[in-house]
Amino acid sequence: MSAPQSAVRNQNTANENTANRKTAKKKRFELSRRARRLTLAIHVVTSVGWVGLSLSMAVLAVMGFTTEDAAIAKGVFYAMYVFDDTSVTVFSVTAAISGILLSCGTAWGLLLHWWIIAKWVITLFMTIFAWFVIHPIVIEATENTAEAGGVPPRPGWPADFLVWSVPLLFALLTAAAVISVYKPWGRTARGRRVTGRARRA
């Protein structure tokens, strides 16, 4: 093969590689600037709202455990049921979905940084635990105190469980918020590989 032919082939190969990289970049899901700002605003508002609701639930759980007034216990656990069945569900699901969109649709990526993985492990655990464990127990405590009369109230074992588990969820949510601010631990192995390829490109 002559030198001119070799040079032409090398140039064609380089052009193909460049085209492939451009195609790969086009195929990658990415939020527009406006969509990113809107998603970020939704994520911040719902995450902060979730933290506030979690704190309210923790305070109510402590009140329900310590009160000797049947009427207060009835109102406390009914309020927990209303919060848990409406606002907590909406805020937690919206915060999770918007967070996934931000991770996948921006340069942060979903599995490229340890802080994102840690945050999503916490979020996944909290969502599953809150819906499949906390929610049925809140319902049972509400039913136990719905017909309560006299003193003391009788929420039963659900009050004993909620008094430590709900504050624990609030602490985990607070930890997730702190992690998202400080972004510790650097990149994962996959994140380092992606960064290396991007620099070579």
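Colleague: Which helices each supply at least two residues of the lining of the second largest pocket?
Modeller: Bear in mind that this is a predicted model. The second largest pocket holds about 580 Å³ of space, and 28 residues line it. The helices that each supply at least two of the lining residues are α2, α4 (87-104), α5 and α6.

Colleague: And which element gives the most to that lining of the second largest pocket?
Modeller: Several helices share the job, with α2, α4, α5 and α6 each putting in at least two residues. Eight residues of the lining come from the top contributor, and that is α2.

Colleague: Which residues lining the second largest pocket are the closest to its centre?
Modeller: We're looking at a pocket of about 580 Å³. Out of its 28 lining residues, the closest to the centre are H43, S47, W115, K119 and S180.

Colleague: How do the residues of that second pocket's lining divide by class?
Modeller: K119, one of those closest to the centre, falls in the charged class, as Lys counts as charged. For the whole lining of the second largest pocket, the split is 18 nonpolar, seven polar and three charged.

Colleague: Switching to enclosed space, how much lies in the largest cavity?
Modeller: Searching the whole structure turns up one cavity of 30 Å³ or more. Its lining consists of W50, L53, S54, M57, D84, V88, M126, A130, I134, V166, L169 and L173. The space in this largest cavity comes to about 120 Å³.

Colleague: Which element gives the most to the lining of the largest cavity?
Modeller: Two or more lining residues come from each of α2 (33-66), α5 (114-146) and α6 (157-182). Four residues come from the one that gives the most, α2.

Colleague: Which residue is the charged one in the lining of the largest cavity?
Modeller: By class, that lining has ten nonpolar, one polar and one charged residues. Asp, Glu, Lys and Arg are what count as charged. Going through the lining residues with that in mind, the charged one is D84.

Colleague: Now the helix packing: are α4 and α5 roughly parallel or antiparallel?
Modeller: Their axes lie 11 Å apart, and the packing angle is about 155°. Angles over 145 degrees count as roughly antiparallel. So α4 and α5 are roughly antiparallel.

Colleague: Which residues of α5 meet α4?
Modeller: The crossing of these two helices, α4 and α5, is left-handed. On the α4 side, the contact uses T89, A95, A96, G99, I100 and S103. By class, the contact has six nonpolar, four polar and no charged residues. The partners in α5 are I116, W120, T123 and W131.

Colleague: What about α3 and α5, are they roughly parallel or antiparallel?
Modeller: Helix α3 (residues 70-85) crosses α5 at roughly 150°, with the axes coming within 8 Å. The crossing of α3 and α5 is left-handed. Since angles over 145 degrees count as roughly antiparallel, α3 and α5 are therefore roughly antiparallel.

Colleague: How many charged residues does the contact of α3 with α5 have?
Modeller: From α3 come A73, K74, F77, Y78, M80, Y81, D84 and D85, while α5 brings H135, V138, I139, A141, T142, T145 and A146. Nine of the residues in this contact are nonpolar and three are polar. The charged count is three.

Colleague: Last pair, is the crossing of α5 and α6 left-handed or right-handed?
Modeller: Their axes come within 10 Å and cross at roughly 155°, which makes α5 roughly antiparallel to α6. The contact has 22 nonpolar, three polar and two charged residues. The crossing of α5 and α6 is left-handed.

Definitions and conventions:
Residues numbered from 1 in each chain as written. Predicted model: local features only at pLDDT ≥ 70, side-chain atom pairs only at ≥ 80, totals over all residues. Heavy atoms only, no water. 1 Å grid on protein atoms, 1.4 Å probe; cavity = no way out; pocket = protein on both sides within 12 Å on 5 of 7 lines; lining within 4 Å. Points joined across faces, edges and corners; volume = space filled by probe spheres on them. Axes fitted to C-alpha atoms, helices over the stretch in contact; angles between N-to-C directions. Parallel < 35°, antiparallel > 145°, perpendicular 65-115°, else oblique. Left-handed = near helix turned anticlockwise from the far one by under 90°. Contact = heavy atoms within 4.5 Å.
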